[in-house]
Amino acid sequence: MYELSLLFFRIATFQNGAQDVPASPFVLRLLLPVYVAINYLILFLNGAQSTALLQIAVDFGLIVSFCWPLLYASGKIARFPQTLAAMLGTDVVISFFALPAIATLNTHANDLAYFAMLALVLWHWLVSGHIIRHALDRSLFFGLGLALLYIMLSSQIMAALFPEITGAPQ
């Protein structure tokens with residue numbers, strides 16, 4: 001498990017790519033409970049315990065629904081397990097680093113916590129673009145464009161399904 005954690009950290013720091021993740025269903029089975037746990041903790045800190053598991057399931061479904069057609073259309077469907085594992089694993093790494101900022105924002109928000117969250121969102125975008133670039137064998141610019149599209153679409157879908165995320169009246 002340590003080696004996998006190190007691999008996802010190395011992907012999140014642009015030292016490795018999705019192609020370096022073992023193409024094994026076992027990796028996804030190991031990763032999924034960690035993904036659920038870290039995201040549940042974040043949603044718990046944000047006060048969304050009642051819908052946390054549903055939000056995590058929808059988020060996972062969005063990642064799968066984005067990666068699968070993308071890889072299918074480009075004729076690289078064999079890379080799906082690696083790409084999905086890289087997306088989930090790096091999400092866990094970035095979410096882990098987001099925990100202090102989220103806790104700070106929920107207790108006594110300050111400029112540093114807001115700046116940290118902005119930096120983490122940018123990091124997530126860059127890492128997602130890096131993963132997509134390697135999965136599709138395309139340029140970083142292309143990967144960043146698709147990553148931005150994914151982030152925008154998933155945020156809109158999550159906000160529509162869970163209005164409490166945005167604080168909009170229900």
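Trainee: Which helices do the buried residues of helix 5 pack against?

Mentor: They pack against helix 1, helix 3, helix 4 and helix 6. This is a predicted model, where local features need pLDDT of at least 70 and side-chain atom pairs pLDDT 80 or more, while totals for chains, interfaces and linings use all residues. Residues are numbered from 1 along each chain as its sequence is written, and side-chain values use heavy atoms, leaving out hydrogens and water.

Trainee: What makes a stretch a helix, and what makes a residue buried?

Mentor: A helix is a DSSP run of H or I with at least four residues, strands being runs of E with at least two, and both are numbered from the N terminus. Buried means under 20% relative accessible area, exposed means over 50%, and partly exposed lies in between, with a 1.4 Å probe and protein chains only. Among the buried residues of helix 5 are Trp123, His130 and Ile131.

Trainee: Why is threonine 83 called buried?

Mentor: Its relative accessible area is 3%, and the limit is under 20%, so threonine 83 counts as buried. Threonine 83 lies in helix 4. Beyond residues up to four places away in sequence, it touches Ala18, Cys67, Leu71, Ile131 and Ala135; a contact here means heavy atoms within 4.5 Å.

Trainee: How do you know that the length of helix 5 agrees with what is expected?

Mentor: The expected span is 1.5 Å times one less than the number of residues. For the 26 residues of helix 5 that gives 38 Å, and the end C-alpha atoms are 38 Å apart, so the two agree. Helix 3 has 22 residues and reaches 32 Å, close to the 32 Å expected.

Trainee: What makes the link between asparagine 110 and leucine 112 a polar contact?

Mentor: A polar contact is a pair of N or O atoms within 3.5 Å; within protein, one must be able to donate a hydrogen and the other to accept it, and residues adjacent in sequence count only if both atoms are side-chain atoms. At the start of helix 5, a side-chain oxygen of asparagine 110 comes within 3.1 Å of the backbone nitrogen of leucine 112.

Trainee: Why is the pair of aspartate 137 and arginine 79 called a salt bridge?

Mentor: Side chains of opposite charge can pair when their charged atoms come close. The rule asks for a side-chain nitrogen of Lys or Arg within 4 Å of a carboxyl oxygen of Asp or Glu. For aspartate 137 and arginine 79 the closest N and O atoms are 2.9 Å apart, so the pair qualifies. Aspartate 137 also bridges to lysine 76, at 3.8 Å. That second pair ties together parts 61 residues apart in sequence, because aspartate 137 sits in the loop between helix 5 and helix 6 and lysine 76 in the loop between helix 3 and helix 4. Lys76, Arg79 and Asp137 thus appear as a network of salt bridges.

Trainee: Why is leucine 6 called partly exposed?

Mentor: Its relative accessibility is 39%. Leucine 6 is found in helix 1 and helps make a nonpolar surface patch of about 540 Å², together with Tyr2, Phe9, Phe96 and Phe97.

Trainee: What makes those residues a patch?

Mentor: Patch residues have over 30% relative accessible area and no salt bridge; nonpolar side chains (Val, Leu, Ile, Met, Phe, Trp, Tyr) are joined within 5 Å, like charges within 9 Å. The areas come from the Shrake-Rupley method with a 1.4 Å probe, and for residues only the protein chains shown count as cover. Helix 1 gives the most to this patch, with 3 residues.
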